[in-house]
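Here's a quick tour for anyone opening this one up for the first time. Have the sequence and the 3D view side by side as you read.

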Amino acid sequence: MVRVKKEKVRYFNYSEFDSPDVQGSGQLMDKTLLEMLDEVREIVGEPIIITSGFRTPAHNESAGGVESSSHLKGLAVDIAIRHSRMRFKLINALFEVGINRIGIADNFIHIDIDPDKDKNVIWTY
């Protein structure tokens, strides 16, 4: 269990970002990313469901993540997508707040703010 000061961002609880194998690990998420997600949620105007946030190396491996995954640094999240309109609204909101690393899958969108990776990229899974 990770023991750090409990805090809540406006629309999310840190537990939503926990690696499934370490309770409290969501508190290791990058604070700037969480503030940006709060702004995105405000713009979108409907709940955003986080399917993956912080990952331990063990969970990253079991999830099929790459060794250089930004999830390991608390700099990435995956967001569930329920329909095409939500995908459109979310991508527009991400651009509006300055998130410019976006991976698009059928049922989720990956975002990260990793300074060690290329900017202004969109990819598909």
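What follows is a short walk through some strands, a helix, a pocket and a loop residue. Keep in mind that this is a predicted model. A good place to begin is strand S4, residues 108-112, where four of the five residues are buried, so the strand is largely enclosed by the rest of the structure.

**How the strands pair up**

- S4 has strand S2 (residues 76-80) as a partner: the two pair in the antiparallel sense over five bridges.
- To find that pairing on screen, look for Ala-80, whose bridge partner in S4 is Phe-108. Val-77 is another marker, standing opposite Ile-111 in S4.
- S4 also pairs with strand S3 (residues 101-104), again running antiparallel, this time through three bridges. Here Ile-104 has Ile-109 of S4 as its bridge partner.
- S3 and S4 make a hairpin, with three residues between them.
- S2 pairs with strand S1 (residues 50-52) too, in the antiparallel sense and over two bridges. In that pairing, Ile-50 is matched with Ile-79 of S2.

**A closer look at S2**

- Is S2 mostly covered or mostly open? It's mostly covered, with five of its five residues buried.
- Ala-76, Asp-78 and Ala-80 point one way from the strand, while Val-77 and Ile-79 point the other way, and all of them are buried.

**Helix H3 and its two faces**

- Helix H3 takes in residues 84-97, which makes 14 residues. At 1.5 Å a residue, H3 should span 20 Å, and its end C-alpha atoms are indeed 20 Å apart, so the two values agree.
- Which residues of H3 are buried? They are Met-86, Leu-90, Ile-91, Ala-93, Leu-94 and Val-97.
- Look down the axis of H3 and those buried residues fall within an arc of 165°, so they line one face of the helix.
- Here's some background for that: an α-helix has 3.6 residues a turn, so residues three or four places apart point the same way.
- Turned away from the buried side of H3 is a face carrying the exposed residues Ser-84, Arg-85, Phe-88 and Glu-96.
- What covers the buried residues of H3? The cover includes helix H1 (31-44) along with S2, S3 and S4.
- Right after H3 comes Gly-98, with a positive phi near 95°.

**The largest pocket**

- About 250 Å³ of space lies in the largest pocket.
- Its lining is made up of 15 residues, and Val-66, Ser-69, His-71, His-110 and Tyr-125 are the ones that lie nearest its centre.
- S4 turns up again here: it gives the most to the lining of the largest pocket, with three residues.

**A loop residue to check**

- Asn-120 sits in the loop between S4 and strand S5 (121-124).
- Its phi is near 55°, a positive value in a residue other than glycine.
- That's worth a glance, as most residues other than glycine have a negative phi.
- Is Asn-120 buried or exposed? With 63% relative accessibility, Asn-120 counts as exposed, because the cut-off for exposed is over 50%.

Technical notes: Residues numbered from 1 in each chain as written. Predicted model: local features only at pLDDT ≥ 70, side-chain atom pairs only at ≥ 80, totals over all residues. Heavy atoms only, no water. Buried < 20%, exposed > 50% of the residue type's maximum accessible area, 1.4 Å probe, protein only. Pairing = 2+ DSSP bridges. Expected span 1.5 Å × (residues − 1). Arc of directions from axis to C-beta. Contact = heavy atoms within 4.5 Å. 1 Å grid on protein atoms, 1.4 Å probe; cavity = no way out; pocket = protein on both sides within 12 Å on 5 of 7 lines; lining within 4 Å. Points joined across faces, edges and corners; volume = space filled by probe spheres on them.
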